[in-house]
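I opened this model to look up its cysteines and then the surroundings of its ligand. My entries follow in that order.

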Amino acid sequence: MVTDMFDLSGRVAVVTGGSRGIGRAIALGLADAGATVVPTARSADDVQETVDRIEDAGGEGLAETVDVADVESVESLFDRVGEELGGADVVVNNAGINPGNALGTPDRVDPEGFDTVMDVNLRGAFLCARAATEHLQKDGGSVVNVASVGGLVGLPRQHPYVASKHGLVGITKSLALDWAPDVRVNCLAPGYVATDLTEDLTSDDDLRAAILRQTPLDRFADPEEIAGPAVFLASDAASYVTGSVLTADGGWTAR
Ligand SMILES: NC(=O)c1ccc[n+]([C@@H]2O[C@H](COP(=O)([O-])OP(=O)(O)OC[C@H]3O[C@@H](n4cnc5c(N)ncnc54)[C@H](OP(=O)(O)O)[C@@H]3O)[C@@H](O)[C@H]2O)c1
């Protein structure tokens with residue numbers, strides 16, 4: 001049955017940035033598909049809330065903290081996942097930021113802001129994949145890197161973010177080559193999703209209208225609408241999909 005191919009029972013899935021927004025929705029989606037999910041972020045309370053929601057829905061989860069920009073923190077996370085759950089079969093690299101000091105025309109971008117965005121969005125994803133190597137190669141795992149439409153096209157005044165997401169698309173392809181045929185590695189590229197990250201866009205009438213004019217589906221996505229594509233890429237339903245980028249952008253990049 002095709003629907004059985006989406007079943008993640010018996011798999012362990014680590015989701016970075018699983019404490020709110022898209023990451024929490026993906027964590028809940030993976031748990032709904034049967035995985036034991038480890039949502040992670042820097043805030044322990046917020047990841048525990050994700051686990052509470054997973055358990056309320058009848059699933060299994062384990063709350064863990066990590067700072068993906070810190071190599072020791074990342075390695076210690078995957079050590080704990082190995083000890084407590086036997087390792088990760090799925091890694092969703094979703095943690096991401098786009099802070100004010102990295103936004104603006106090039107002359108206004110703070111060099112430290114540039115580094116911070118790269119450290120979290122790009123280096124952090126690489127560190128997680130690297131730390132999970134043995135886990136993923138044990139039984140044939142899957143990595144889902146949450147990039148953005150900003151990983152496919154340029155966005156004005158978001159230079160570090162766009163650089164980090166283009167880099168993530170590139171690393172996805174290189175990892176897919178190095179780890180084939182055992183481990184699949186793919187990218188998910190959401191368009192505009194209503195979360196804390198885009199609050200400045202959804203709350204500004206002019207910005208919101210400008211984005212909607214470019215979005216054929218004429219709305220921001222709910223975070224839950226990104227969970228389905230993530231479950232697909234993580235699961236055997238995508239068994240012949242690797243090194244790819246799946247857009248979930250309401251048609252934004254179709255223009
Ligand atoms: N929202 C959109 O429209 C959109 C569109 C395209 C792509 N994306 C991408 O989707 C991903 C999630 O975005 P979102 O909108 O859901 O953002 P969000 O609501 O701001 O959530 C970001 C998540 O990342 C975690 N995080 C941030 N820095 C971290 C660090 N150093 N170490 C570990 N975790 C960290 C946050 O938790 P803590 O702060 O507690 O660590 C939080 O769980 C990002 O990669 C983003 O670039 C979003």
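Why does Cys128 form no bond with the closest cysteine sulfur? I find that the sulfur of Cys128 is 14 Å from the closest cysteine sulfur, in Cys187, which is too far for a bond. I took a disulfide to be a pair of cysteine sulfur atoms within 2.5 Å, and by this rule the count comes to zero. I also noted that Cys128 is buried, at 0% relative accessible area, and that Cys187 is likewise buried at 0% (buried is under 20%, exposed over 50%, partly exposed in between, with a 1.4 Å probe and protein chains only).

For the record, this is a predicted model, in which local features need pLDDT of at least 70 and side-chain atom pairs count only at pLDDT 80 or more, while totals for chains, interfaces and linings use all residues. Residues are numbered from 1 along each chain as its sequence is written, and side-chain values use heavy atoms, with hydrogens and water left out.

Turning to the ligand, I counted 29 residues around it, the closest being Ser19, Arg42, Tyr161, Val193 and Thr195 (a residue is near if one of its heavy atoms lies within 4 Å). I then looked up polar contacts, meaning pairs of N or O atoms within 3.5 Å. An oxygen atom of the ligand lies 2.6 Å from a side-chain N or O atom of Tyr161, and a ligand oxygen is 2.9 Å from such an atom in Lys165. At Asn94, a polar backbone atom is 2.7 Å from an oxygen of the ligand. Taken alone the ligand exposes 880 Å², of which the protein buries 96% (Shrake-Rupley method, 1.4 Å probe).

Note on methods. Polar contact = N/O pair within 3.5 Å; in protein donor to acceptor, adjacent residues only side chain to side chain.
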